[in-house]
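Q: Please give me a close look at a single part of this model. Begin with the terms, then connect that part to its surroundings.

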Amino acid sequence: MSDDEAFSEHEPVTGSDTAQRSQAEMDAEMAAVIEGYEAGKAEHGEETQPRLNYPPYRSSVLRHPTKDPHHADPETIELYAPVFGHRDVDPLEADLTIQGNGEPIGERMVVTGRIVDGEGRPVRHQLVEIWQANAAGRYMHKRDQHPAPLDPNFTGVGRCLTDGDGHYRFTTIKPAPYPWKNHRNAWRPAHIHFSLFGTDFPARMITQMYFPGDPLFALDPIYQTITDQRARDRLVATYDHDVSQHEWNTGYRWDIVLTGSQRTWTEPEGDEHE
Ligand SMILES: [Fe+2]
């Protein structure tokens, strides 16, 4: 993923006319999609993945594939050779609060969970990467120019390896919502981007974790690309008081299922922008 790909949300993608549409217009469009989904669910079944062509999320219309995927066999080496060495990932990289010369501003939190496959087997010793906005809703990136302060002690980037039982754990700062250019007064719910590498490069998956009770869920055309409430719920972490630590951090737990009918939604490769 290039830097520019990661932050294309900060540029208008479909022209100024759509960017001027109101939240009320977006709400009506999103409600119509959900209504259609609920009406057809009995016939077509439950959706677990996002709609590729979801007009309220403006840039989805331009990004999703319009032709059938072309099957390409990966080079044999990609199927078994490690993408990185285990020694390449320092355990300190899982703590996003110690990257600067001082403490970053905001709510210190731990987010942890377990990554399993569809049969419940742990995904062991695999690379987990996260990136996020800071406590003011600002990414440390040149394409993010909205008038909220940068934090010199917070890059918003971290990574770790899952342990032998599939657990990951990050110490970070709770991100804030931020505006984007999908429509007038558009705000993303607070979220953390996750990238998961399997044992081989073609298995990489991208998704987003949200926080419970966010009032922006109903208004967000990205969150709403997933039409099924239960599938949406699987992207929301739970507050876990056992992960919180006395006078130090709050705690959230978020488990990820990579395959099967209960799988966590993951973005198609190349769509890790917002
Ligand atoms: Fe984001």
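A: Ala, Val, Leu, Ile, Met, Phe, Trp, Tyr, Cys and Pro count as nonpolar, Asp, Glu, Lys and Arg as charged, and the others, Gly among them, as polar. By these classes, the second largest cavity is lined by 5 nonpolar, 4 polar and 2 charged residues. This is a predicted model, with local features given at pLDDT of at least 70, side-chain atom pairs at 80 or more, and totals for chains, interfaces and linings over all residues. Numbering runs from 1 along each chain, and side-chain values use heavy atoms, without hydrogens or water.

A cavity is a set of 1 Å grid points, over the protein atoms alone, where a 1.4 Å probe fits but cannot get out. Points join across faces, edges and corners, and the volume is that of probe spheres set on them. The protein has 2 cavities of 30 Å³ or more. The second largest has a volume of about 40 Å³. Its lining residues (an atom within 4 Å of a point) are Gln132, Ala133, Asn134, Arg138, Tyr139, Met140, Leu150, Asp151, Phe154, Thr155 and Gly156.

One lining residue, Gln132, also belongs to strand β2, which spans residues 127–132. Between β1 and β2 lies a loop that holds His125. His125 is not a glycine, yet has a positive phi of about 55 degrees. Most residues other than glycine have a negative phi. His125 is partly exposed (20% to 50% relative accessible area), at 39%.

On the other side of that loop is β1, residues 108–116. Strand β1 runs parallel to β10, residues 250–253, and 4 bridges join them. Met109 stands opposite Thr250 in β10. Strand β10 also pairs with β9, residues 238–239, over 2 bridges in the antiparallel sense. There, Tyr239 has Tyr252 as its bridge partner. Pairing takes at least two DSSP bridges.

The loop between β9 and β10 holds Glu247. Its phi is positive too, near 55 degrees. Glu247 is exposed (over 50%), with a relative accessible area of 71%. Past β10, Trp254 sits in the loop that leads to β11, residues 256–257. Trp254 is buried (under 20%) because its relative accessibility is 2%. Trp254 and Leu235 are 19 residues apart in sequence, with C-alpha atoms 8.0 Å apart.

The wider setting is the protein itself, with 6 helices and 11 strands (DSSP runs of at least four and at least two residues). Of its 274 residues, 48% are buried.

Terms used: On a 1 Å grid over the protein atoms alone, a cavity is a set of points where a 1.4 Å probe fits but cannot get out, and a pocket is an open set with protein on both sides within 12 Å along at least five of seven lines; lining residues have an atom within 4 Å of a point. Buried means under 20% relative accessible area, exposed over 50%, partly exposed in between (1.4 Å probe, protein chains only).
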